[in-house]
Amino acid sequence: MPVLMSYAPRLAQLLNIPVRRVEAVVELLESGATIPFIARYRKEATGSLDEVQIADIHDGWRKMQELDKRREVILQSIEEQGKLTPELRAAIEGAGTMTELEDLYLPYRPKRKTRATMAIEKGLEPLAKRIFAQKDKDGLETIAAAYLNEQVPAIDDALQGARDIIAEWVSEDKKARDKVRRHFEKGALIASRLVKGKEEEGKKYLDYFEWSEPLKNCPSHRLLAMRRGEEEGFLRVAIAPEEERAVQDLDMMYVFGAGESAAQVRLAVKDGYKRLLQPSIETEFRNSSKEKADLEAIRVFAENLRQLLLSSPLGEKRVMGIDPGFRTGCKVVCLDASGNLLHNTAIYPHEPQRKVFESQSEIEHLVDKFGIEAISVGNGTAGRETMDFLHKIKFERPVEVFQVNEAGASIYSASEAAREEFPTEDITVRGAVSIGRRLMDPLAELVKIDPKSIGVGQYQHDVNQNLLRDSLDRTVESCVNAVGINLNTASKHLLTYVSGLGPVLAQNIVQYRAENGPFKKRNDLKKVPRLGDKAFEQCAGFLRIREAANPLDNTAVHPERYDLVAEMAADLGCKVHDLVQDKTQRAKIDLNKYVRGDVGLPTLQDILKELEKPGLDPRGAARSFEFANVHSLDDLSPGMVLPGIVTNITNFGAFVDIGVKDSGLVHVSQMADKFVRNPMEVVSLGQQVMVRVLEIDYSRKRVALSMKGV
């Protein structure tokens, strides 16, 4: 059996997925297939596993490879020491986790000087072994006297050294470590305390000045908040079970009888727990609880990002983008239906300049001149005031006004991508263009920005950055491929995330398009430099060509199945165009007739759906929104019912913009008249909701909201 396939049974058991499905996924991944491609076009091989399951196999497979690499290093190290027994080898080869592996290696790991190693150097190891055996009930001082020398001048020194050695033996014993781990798993408390003298500076951590709860019940956001407070020097955080019970359990393992030797072992066990075992396992649980909290925070962040990227687009319409401001005015840009910049200017409808009449006239003029169909306003400083200003204008024809989340627009405007697009424009123009384009197609614009700067999620700077980056990149890739990309208008940044491409091929596609004009058919992709058969296989189904001669080029039907669709049409005595346009023809197709080899019903059903709605954007259409007549916390009062937009979702609730600059929080307990485990079951990012004001905390600028009964 190939080495990679040896992981399949373990992964299958871990993930509760049939072994043959795991093997199929691993083979596809090894051949260079991407997760979106496998999920969409290899359903027969995988049993229709979704992207999450395929990603779990991918990640588990990588972890098992890392585990085996570490296993080889450990075996080699112990063998070089001449201490690798057949029993130890079997235990190491059978270890299923990194923790188990490291526990087995711990007694053999090269270490710096410790109290135990120094005691061994002084010749006290035989004394430690004799005491640990506990066969000598009394006369311990006489026994210890035999080990006195220049380095061990007194009996107490000899006994202390022996206890240091025993304490280290206990702390490195896998059984002892497992015992203490069970105490941590069952009863460890996480506690945070204020650092003395930091009361004023650390006010934002007021809730954690004196806090304690079972670690196993601590939600990710609370653990990450405490960890951040500790990092910033305001809190001290500790994780520990009840010491007395843990030590008692260890005593039962190592202490026999009640003689002098037993008393020494008891002292050594307690010292070993407090000085070595407890800190070591605490570090382990600090790391594992942090990793768990990271994964949960990253999961929430990724889901928020997914919802934001899949926000409904306005589509190809002429848009005015406005980056609002007070002192510097509002930057205005006009874009054509493809997002190209036509014009830019600035207006000053607010204080301190407040040129309302002139600003209104300019907006009316630009709307008329450039045929503007919608206006996109950033939701930052002066965003609400600018929306109010625009709503007062009576346009001669319908012009919808939208407010969009502008988080990250300033990051984009100063980026290399923005400089490449608009080398002669300043950052204010670039920012306004980004705001306008976000309305037209949020996905196409937001892929240009580091996901961490988009403004969703929490604690993104506190979690494991490598895991965060991988998860967010995977989320962006999933969204891009789920929507499908217009090959003739997509930017280099958008194409980068298409299955099988990447930065180099994305740039080559853009360059080829610039030199040769729009792509006429998917097969023309093979003319792009360095885009070989494998890359074509992976990317072709996710790229669309509008108005192509072959209607399948504007669908998610993969080119490898074009002949199959042509066969369906021929069997019905019609053309492929007829299958797309005439549902009565599609209704005549007997899918079972075309099941063969690697083509099963899942693929055939997908093909039929694409024929029914070619080029369909799964994101729906954008909707405009208008806030109530409130502008600051002073305008609010308990009991008010207001419209709002969900701007962020966490495990503990959802933040809702109600038009007063500071978003209010709908706690998970206030989301519905039933128990809600996950806020995402009730709300989604960008959703328009009605909320009731419960409480206003003016000092901390917090608003508590409820969706119950509204």
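This text walks through a predicted model, beginning with a sheet and its helices and moving on to charged pairs and aromatic rings. Because the model is predicted, local features are described where pLDDT is at least 70 and side-chain atom pairs count only at pLDDT 80 or more, while totals for chains, interfaces and linings use all residues. Residues are numbered from 1 along each chain as its sequence is written, and side-chain values use heavy atoms, with hydrogens and water left out.

A good place to start is the open sheet, in which five strands are arranged in the order 6-5-4-7-8 with mixed pairing. Helices (H or I, at least four residues) and strands (E, at least two) are DSSP runs, numbered from the N terminus, and two strands are said to pair if DSSP finds at least two bridges between them. The edges of the sheet are strand 6 (341–347) and strand 8 (400–404), each of which pairs on one side only. On average, and with direction ignored, neighbouring strands of this sheet are turned by 20 degrees against each other; axes here are lines fitted to C-alpha atoms, for helices over the stretch in contact, and angles run from 0 to 180 degrees between N-to-C directions.

Strand 5 (residues 330–335) pairs with strand 6 in the antiparallel sense, over six bridges, and in this pairing Lys331 stands opposite Ala346 in strand 6. Helix 16 (residues 356–369) packs on the sheet, where it touches strand 4 (319–323), strand 5 and strand 6, and its direction makes about 170 degrees with that of strand 6; contact means heavy atoms within 4.5 Å. Helix 17 (residues 383–391) lies across strand 4, strand 5, strand 6, strand 7 (374–378) and strand 8, and runs at about 175 degrees to strand 8.

Strand 7 has a partner on each side, since it is joined to strand 4 by four bridges in a parallel run and pairs with strand 8, also in the parallel sense, over five bridges. Within these pairings, Val319 stands opposite Ala374 in strand 7, and Val377 stands opposite Gln403 in strand 8. How many of the residues of strand 7 are buried? Five of its five residues are buried, where buried means under 20% relative accessible area, exposed means over 50%, and partly exposed lies in between (1.4 Å probe, protein chains only). Ala374, Ser376 and Gly378 point one way from the strand, whereas Ile375 and Val377 point the other way.

The next topic is charge. Side chains of opposite charge can pair when their charged atoms come close. The structure holds 49 salt bridges, each being a side-chain nitrogen of Lys or Arg within 4 Å of a carboxyl oxygen of Asp or Glu. In one of them, Asp164 meets Arg275, with the closest N and O atoms 3.8 Å apart. This pair links distant parts of the chain, as Asp164 is in helix 11 (residues 155–172) and Arg275 is in helix 15 (residues 260–309), 111 residues apart. Asp164 is buried at a relative accessible area of 7%, whereas Arg275, at 28%, counts as partly exposed.

Another salt bridge joins the side chains of Arg181 and Asp178 (2.9 Å, N to O), and here both residues lie in helix 12 (residues 174–187), three residues apart, which is about one turn of the helix. Salt bridges can also form a network, such as the one that links Arg42, Lys534, Glu537, Glu560, Arg561 and Asp598.

The last topic is the aromatic rings, of which the whole structure contains ten pairs; rings of Phe, Tyr and Trp (its six-membered ring) pair if their centres lie within 6.5 Å, and planes under 30 degrees apart count as stacked, over 60 as edge-to-face and the rest as tilted. Tyr512 and Phe519 are stacked because their ring centres are 5.3 Å apart and their planes are at 25 degrees. Tyr512 is buried at 15% relative accessibility, and Phe519 is buried at 3%. Phe625 and Phe627, by contrast, form an edge-to-face pair, with 5.0 Å from centre to centre and 85 degrees between the planes. Phe37, Tyr41 and Phe542 form one aromatic cluster.
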